[in-house]
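Please read the following report alongside the sequence and the coordinates. It goes through backbone geometry, helix packing, chain contacts and overall layout.

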Amino acid sequence: MEKFILPDIPGLHTIDVYESQGGYKAFRKALGMKPEEVTDEVKKAGLRGRGGACFPTGLKWTFMPKQTTKPKYICVNGDESEPGTFKDRQIFEFNPHLLIEGTLIGAYAMGVTTSFIYVRGEYGRWIRLLEKAIGDAYARGYIGTSILGSTFSTNIVVHKGAGAYICGEESSLMNSIEGMRGYPRVKPPFPAQFGLWGCPTTINNVETMCNVPLIINNGWEWYSKIGVPKHPGPILVGISGHVNKPGVYELPTGVPLLEIIYKHAGGVPGDKKIKAVIPGGSSTMIMRGDQLEGACMDAESLKAAGSSVGTAGLIVMDEDTDLIKVIARISMFYYHESCGQCTPCREGTGWLWKILKRFEKGEGRVGDIDLLMDIANNIEGNTICALGDAAAWPVQSMIRRFRDEFEKRVKTSPPRVEQEAAA
Amino acid sequence: MLSEENLKKIEELKKSYPTTQALVLPVLWMIQEEHGYISEESMKYAAQLLGVPFAHVLGVVTFYTMFHSKPLGKHHIEVCTNVSCMLRGSEKIVELLEKRLGIGLGETSKDKKWTLSEVECMGSCGTAPMLSVGEEYHENLTPEKLEQILSDLELK
């Protein structure tokens, strides 16, 4: 497939090359349209968010109030911290102007005065690359006041995070921009009504924004024909773990997981069998290797397979992988990243981790499997944000699909006959 | 406490945000970049500079993993051990690091030359295993590559 988000064009990160390839044409075109026409185009294209929730982008944009005296904001979510996800980093490095152009189009469509691009603190190097690109776009008159001779004015600001996974949650991200601890907010009110500083705000993922110029340039009909109809467009699949060629691959949605693993990522080293995959970052439900036939990288297909597309960060594990170790490590992550606001998550994530460490050492107790399930079930749905669910799902799915792995690690007493013989 | 250049930058940044509280993270970053860590004294300074309570600044510093309220070693090595790195041998990398530096995860060497930290996913899953030193990422690590990185750092 032709690549649109990360095409192989040397120097595309520079504004000169970007412009020579038709860059900022979509933004110019959008400026000639009515704002609601732009939103409508995105809506009809069927673009769904690439940050994990797959929410329809155009619909989200329509939630922004038209009549308001308050300033309106966009937050572009570049906090990318979901284990197994490393796609936005490629955009910052290789095609930052596409992100800027998409953000500008969104700002025009929603009448936004300032867009904040929130980037995780660890990406210091990529923040500088992005800031350079934004500076160049200001200098060419694409950002600022009376843009390209129109009456439209808007600004873009990069905000650097400081190492908190939770800030990728949209309301936590807003609190972080406001200079606070990254605690998620209770919803409602939703960000479109009460977002940054109580003003209407829309939060979109970095990759989502990069799809917008494609839609405006080529029209919604063109876009909606890429990939699968219910979840169309190009998608950046990051594949890692036990594959020969890990990396980010731009593919149409609906590409079979087995095709990603064997055709694009070169298969499993040593031709080993696949024991399990995590299809969309550590928060998504783990799948057995024998469940992969027919499963594709799109929202509907992975839902049917009992998982979800998440951030399309595919982690492959071969037949020799110790899955108990994997799930213990994943649980440690959520324990570390829980913000501590809600009791079920704060206490439950640590509890899960401690029990899983027991299994890792082969010291699981009878009843521990049910206990894990019980704790996970009591976290799920009982917290302010989705981090609690994200901590519960991997544990639940691991037990459901690999119960035998847990049973093998339950500490058993030596058989009675041998005990007697020893005595 | 902060350089003239950074103070000017803060004035510029104020134009982008409707409140000064929003500058807490940017200002803390500046302090940490200039001083290596964020002391209690500098938290008080930031609070005064931005007109927010000291307790608020303290709360922010202690919430975010990347803010350090104590000095670190000269070279801060952060090694990822999350799933994708683990599947590609981060355990071996940690073992080698601990042996070579004579410190465990979360520790600083007595000569204050090294701090070794275990970190969560750094977005380097396709180039795992990895570690970072400051802002610099070192990816696709092998024992040989690791030795090279450490000997280079030793000379610095």
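## Unusual backbone geometry

B:Pro129 is placed in the loop between strand S3 (114–119) and strand S4 (131–133) of chain B. The peptide bond leading from B:Ala128 to B:Pro129 is cis, with omega near -5°. This is a predicted model. A second cis peptide bond is found in chain A, where A:Pro188 is joined to A:Pro189 with omega about 0°. A:Pro189 belongs to the loop between H8 and S4 of chain A.

Most residues other than glycine have a negative phi, and most peptide bonds are trans. Against that background, two residues other than glycine have a positive phi: A:Ser146, near 45°, and A:Trp197, near 50°. A:Ser146 sits in the loop between H7 and S3 of chain A, and A:Trp197 in the loop between H8 and S4 of chain A. With 10 other C-beta atoms within 10 Å, A:Ser146 is exposed. A:Trp197 has 17 such neighbours within 10 Å and is therefore partly exposed.

| Residue or bond | Angle | Value |
|---|---|---|
| A:Pro188 to A:Pro189 | omega | about 0° |
| B:Ala128 to B:Pro129 | omega | near -5° |
| A:Ser146 | phi | near 45° |
| A:Trp197 | phi | near 50° |
| A:Gly179 | phi | about 90° |

## Helix H8 of chain A

Is helix H8 (residues 170–177) of chain A enclosed or open? Of its 8 residues, 7 are buried, so the helix is largely enclosed by the rest of the structure. The buried residues are A:Glu170, A:Ser171, A:Ser172, A:Leu173, A:Met174, A:Ser176 and A:Ile177. They pack against four strands of chain A, namely S1 (73–78), S2 (114–119), S3 (155–160) and S4 (201–205), and also against helix H2 (24–35) of chain B. Just after H8(A) comes A:Gly179, whose phi is positive, at about 90°.

## Helices H13 and H14 of chain A

Helix H13 (residues 323–337) and helix H14 (residues 343–360) of chain A have axes that come within 8 Å and cross at roughly 155°. H13(A) is therefore roughly antiparallel to H14(A). The crossing of H13(A) past H14(A) is left-handed. Residues making the contact include A:Ile324, A:Ile327, A:Met332 and A:Tyr335 of H13(A), and A:Leu352, A:Trp353, A:Leu356 and A:Phe359 of H14(A). By class, the residues of this contact are 10 nonpolar, 3 polar and 3 charged.

## Contact between the chains

In chain A, 45 residues are in contact with 30 residues of chain B. On the chain A side, the elements giving two or more residues are helix H7 (124–139), S3, H8, strand S7 (234–241), strand S8 (247–252), strand S11 (313–318) and H13. H13(A) gives the largest share of that side, 6 residues. The chain A side divides into 16 nonpolar, 20 polar and 9 charged residues.

## Layout of chain B

Chain B contains 7 helices and 5 strands. From the N terminus their order is α-α-α-α-β-α-α-β-β-β-β-α. The chain is divided into domain 1 (4–63) and domain 2 (75–155), and the C-alpha centres of these two domains of chain B lie 30 Å apart. The C-alpha trace of chain B spans about 50 × 35 × 25 Å along its principal axes. Of the 156 residues in chain B, 35% are buried. Among contacts in chain B between residues at least 6 apart in sequence, 54% join residues at least 24 apart.

Notes
Residues are numbered from 1 along each chain as its sequence is written. Chains are lettered from A and ligands numbered from 1 in the order in which they are written. This is a predicted model: local features need pLDDT of at least 70, side-chain atom pairs count only at pLDDT 80 or more; totals for chains, interfaces and linings use all residues. Domain bounds come from an automatic or database domain assignment. A residue is buried if 20 or more other C-beta atoms lie within 10 Å of its own, exposed if 12 or fewer, and partly exposed in between; C-beta atoms are placed from the backbone. Two residues are in contact if their C-beta atoms, placed from the backbone, lie within 7 Å. Axes are lines fitted to C-alpha atoms, for helices over the stretch in contact, and angles run from 0 to 180 degrees between N-to-C directions. Angles under 35 degrees count as roughly parallel, over 145 as roughly antiparallel, 65 to 115 as roughly perpendicular and the rest as oblique. A crossing is left-handed if the near helix is turned anticlockwise from the far one by less than a right angle, and right-handed if clockwise. Ala, Val, Leu, Ile, Met, Phe, Trp, Tyr, Cys and Pro count as nonpolar, Asp, Glu, Lys and Arg as charged, and the others, Gly among them, as polar.
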